[in-house]
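Visitor: Before we begin, please show me the model, and then justify the labels attached to it.

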Amino acid sequence: MEIGQHISQRYNEELEDIRNQVLKMGGLVESQAEQAVKALLESDFELAKTVANGDEAVNQMEIDIDEECTRVIARRQPTASDLRLVVAVVKVITDLERIGDEAEKIARYSKKLAKKQKITTMHSELSHMSQLVLTMLHDSLDAFARLDAEGAVGILGKDQQVNVELDNLSRLLITFMMEDPRNIKNALRVSWCARSLERIADHAQNICEYVIYLVKGKDVRHTSLEHIRSKYFPYDIEDGEE
Amino acid sequence: MTDVINTMPGMPRAVPLESETPKPAVDAITGEKHRSEFDVEINGTVGKPLVDNAKMSSRNCDVFYGDKQAIFGVDLDIGNNEIIAMIGPSGCGKSTFLRVLNRMNDTISICRVTGEHTLDGEDIYGKKTDPVLLRARVGMVFQKPNPFPKSIYDNVAYGARLHGLASNRSELDDLVEASLIKAGLFKEVKDDLQKPGTGLSGGQQQRLCIARAIAVDPEVILMDEPTSALDPIATATIEELMDELRSNYTIAIVTHSMQQAARVSQRTAYFHMGKLVEVNDTDKVFTNPEHQLTENYITGRFG
């Protein structure tokens with residue numbers, strides 16, 4: 001898959017520009033998520049404040065890229081891989097914007113949590129889960145940047161791990177709340193942060209599905225992982241058996 | 001030697017296309033690199049060139065203009081009641097192929113067509129086939145509207161008179177009216193039927209030509225860039241008309257407008273340098289084409 005090579009140089013530039021903007025937006029969202037997690041884990045009030053105020057830039061990028069995509073559709077009537085690129089971008093930026101929203105939520109709860117007692121008891125669980133989620137997000141953006149469908153399919157299914165982590169954390173929080181009802185308020189905040197992390201993982205998975213659509217031309221949403229692998233990535237399975 | 005055998009009508013091809021010596025990447029004399037479109041090889045047609053309910057079929061179609069081969073071994077079915085669009089760059093053979101289907105190439109003395117071509121299973125190049133009767137069954141609409149220098153009425157009635165399709169004046173009147181209605185022109189010209197057809201606007205003239213083609217009750221309509229000389233509104237009218245005609249006729253359209261192919265057709269055939277590269281459902285061709293050359297063409301890339 002290549003973006004360039006159009007007879008119209010201007011068209012190349014427009015598509016290249018859209019792609020670069022998405023990568024930039026991805027970078028911004030990833031950094032927002034990372035900083036939000038950092039603020040949460042380190043009870044850093046100032047950092048949390050910065051992240052919570054940073055979501056506006058992400059929203060603006062979504063609007064700008066959306067507009068540019070609409071313009072390309074109207075003026076160029078993209079087809080085939082170009083069409084898939086534009087459609088995938090419109091969807092990817094929706095998920096990116098939502099990831100931005102989740103990061104903002106984590107930052108807002110972190111602000112409240114930072115003022116109160118430290119969340120040391122849940123630190124390791126939260127840290128582990130957030131690393132898992134941030135890696136998924138990073139890898140999915142990487143797959144989009146490289147148009148790497150194999151990489152994308154490798155990330156699908158990892159949200160199962162995240163769900164397990166969320167369950168563990170929830171159990172821990174319940175115990176914590178039962179110990180002392182005064183913990184409930186903060187325990188709920190931590191729980192909402194964990195929920196936001198889980199949502200980020202889901203959005204990262206969606207991005208992977210759009211990468212597969214973009215590269216392979218197949219819509220793999222609401223399809224089982226086994227089916228996707230056997231139908232569109234048969235050689236992966238052979239590798240696995242060897 | 002190969003050329004001699006290949007130019008003999010009815011002979012099977014001596015050397016299959018796939019084994020043709022590929023062009024070298026670098027020109028031996030000038031040392032220049034050949035254009036990259038040669039780098040992608042065309043080995044047969046990808047997609048689904050054949051269908052179950054074929055109205056017309058071509059097998060192993062070669063067309064020559066004198067020594068020059070214009071079409072190389074095309075196999076293609078045109079399904080019943082479907083609109084098939086043929087697209088490709090200028091000189092790729094799509095119009096030539098369209099003209100094979102109603103023997104319009106017979107009118108070019110140096111043009112020679114080989115292969116098997118059938119309409120409802122009957123050989124259209126057989127000795128018993130009368131090209132005039134064939135063209136009544138397989139009508140044609142051209143790029144430039146070409147009404148006869150006669151009245152609107154006579155333009156539409158011409159074919160019906162030629163083939164004796166109406167036994168009296170009132171039958172002929174009905175036929176002319178019905179054809180003009182089907183072509184979506186009747187309302188605009190019903191009071192001017194005796195005025196010259198050449199006095200109509202371009203879009204109206206083209207619809208008059210479609211009415212003329214419909215009047216002889218064809219089974220297949222071939223359209224060779226029917227809207228390339230028309231404005232977007234006249235184009236939309238004719239595209240709408242094609243969609244209505246599809247329930248009764250089979251339509252093959254050659255078009256340079258990919259958006260038009262995408263809008264009107266159910267299947268799309270992509271021709272490149274005389275070869276049929278890909279035939280697939282139009283939805284597939286425009287969202288996820290199988291062949292790299294198709295992708296390059298419809299996305300507006302260098303070959």
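Guide: The following exchange sets computed values against their definitions. This is a predicted model, in which local features need pLDDT of at least 70, side-chain atom pairs count only at pLDDT 80 or more, and totals for chains, interfaces and linings use all residues. Residues are numbered from 1 along each chain as its sequence is written, chains are lettered from A and ligands numbered from 1 in the order in which they are written, and side-chain values use heavy atoms, without hydrogens and water.

Visitor: Why is Cys92(B) called buried?

Guide: Buried means under 20% relative accessible area, exposed over 50% and partly exposed in between (1.4 Å probe, protein chains only). Cys92(B) has 1% relative accessibility and therefore counts as buried.

Visitor: What makes Cys111(B) a cysteine without a bond to Cys61(B)?

Guide: A disulfide is a pair of cysteine sulfur atoms within 2.5 Å. The closest cysteine sulfur to that of Cys111(B) is in Cys61(B), 9.3 Å away, and therefore too far for a bond. A search of the whole structure finds zero disulfides over all chains. Cys92(B) is likewise in no disulfide, its nearest cysteine sulfur, that of Cys61(B), being 13 Å away.

Visitor: What is notable about the phi of Glu225(B)?

Guide: Most residues other than glycine have a negative phi. The phi of Glu225(B) is near 45°, a positive value in a residue other than glycine.

Visitor: Is Glu225(B) buried or exposed?

Guide: With a relative accessible area of 10%, Glu225(B) lies under the 20% limit and is therefore buried.
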